[in-house]
Amino acid sequence: MDDKLQVAINKLDTEAEASGIKGLKVVADLLIQYISQYPDEAEKITANDKKLYNAFEEVKKVAKQEAKGGCCYMAPERVMQMVVDYYGIDAKIAIKIVAEPASVAEEKPSDVMPEKLQPAPAPKQEASVSVNLDDFF
């Protein structure tokens, strides 16, 4: 692995852990996936004036501006786009949602599928009801 890439990965991991913010670990992991595919972008992550927490603060600032009644929803694609823009990475973010049958999901190790996310229960048999309109009158 390239030294610059490893330094960038270490920086992102360290900053995410030090922040204590769960969401930053997810953001760091997505950035690591990106720079692993495009190692030339790693030096943008290692710039001394760029910090993961500061990127998060930029996202929070926009969210506060757009909040209605104290609430704001920001799509994951938009958040990640703001983060890569903060680092000066020229990329277009698209996040793919993958759905698979519960039987496939059950076979995955627990670290891939957290305990909170359980496969959907098996569909129950349909019940039939016979209703006569005279019952309502």
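Helices, in the sense used here, are DSSP runs of H or I with at least four residues, strands are runs of E with at least two, and both are numbered from the N terminus. The model treated in these exercises is a predicted one.

**Exercise 1. The overall fold**

Task: Determine how many helices and strands the protein has, and in what order its elements run.

Solution. Begin with the count, which by the definition above comes to 6 helices and 0 strands. Next, follow the chain from the N terminus, and the elements read α-α-α-α-α-α. Finally, turn to burial, where the cut-off is a relative accessible area under 20%; buried residues make up 26% of the 137 residues in the protein.

**Exercise 2. A salt bridge between two helices**

Task: Find which parts of the protein are tied together by the salt bridge of K25 and D13, and state how exposed each partner is.

Solution. First, take the contact itself, in which the side chains of K25 and D13 meet at 3.1 Å, N to O. Second, place the partners: K25 belongs to helix α2 and D13 to helix α1 (residues 3-19), so the pair ties together parts that lie 12 residues apart in sequence. Third, look up their accessibility, since partly exposed covers the range between under 20% and over 50%; K25 has a relative accessible area of 27% and is partly exposed, and D13, at 25%, is partly exposed as well.

**Exercise 3. Two further salt bridges**

Task: The structure holds 8 salt bridges; for E41 with K44 and for E57 with K60, give the distance and decide whether each residue is buried or partly exposed.

Solution. Start with E41 and K44, whose closest N and O atoms are 2.9 Å apart. E41 has 13% relative accessibility and therefore counts as buried, whereas K44, at 29%, counts as partly exposed. Continue with E57 and K60, whose side chains meet in a salt bridge at 3.2 Å, N to O. Both of these residues lie in helix α4, where they are 3 residues apart, about one turn of the helix. E57 is partly exposed with a relative accessible area of 27%, and K60 is partly exposed at 29%. As a last step, look for salt bridges that share partners: these join D13, K25 and D29 into one network.

**Exercise 4. The second largest pocket and a surface patch**

Task: Describe the lining of the second largest pocket, and say where V26 appears both there and on the surface.

Solution. The space in the second largest pocket is about 330 Å³. Its lining consists of 16 residues, and those nearest the pocket centre are G23, V26, V27, L30 and M80. To see which helices take part, note that α2, α4 (52-66) and α5 (76-86) each supply at least two lining residues, and that α2 gives the largest share, with 7 residues. Sorted by character, the lining divides into 13 nonpolar, 2 polar and 1 charged. V26 itself lies in helix α2 (residues 22-37), and together with L30 and I95 it forms a nonpolar patch on the surface, with about 220 Å² of accessible area among the three.

**Exercise 5. A buried residue in α4**

Task: Locate A63, state whether it is buried or exposed, and give its distance from Y73.

Solution. A63 is found in helix α4. Its relative accessible area is 19%, and A63 is therefore buried. Measuring from C-alpha to C-alpha, A63 and Y73 are 7.7 Å apart in space, while in sequence they are 10 residues apart.

Terms used. Residues numbered from 1 in each chain as written. Predicted model: local features only at pLDDT ≥ 70, side-chain atom pairs only at ≥ 80, totals over all residues. Heavy atoms only, no water. Patch = residues over 30% accessible without salt bridge, like charges linked within 9 Å, V, L, I, M, F, W, Y side chains within 5 Å. Areas by Shrake-Rupley, 256 points an atom, 1.4 Å probe, with all protein chains shown as cover. Salt bridge = Lys/Arg side-chain N within 4 Å of Asp/Glu carboxyl O. 1 Å grid on protein atoms, 1.4 Å probe; cavity = no way out; pocket = protein on both sides within 12 Å on 5 of 7 lines; lining within 4 Å. Points joined across faces, edges and corners; volume = space filled by probe spheres on them. Nonpolar A, V, L, I, M, F, W, Y, C, P; charged D, E, K, R; others polar. Buried < 20%, exposed > 50% of the residue type's maximum accessible area, 1.4 Å probe, protein only.
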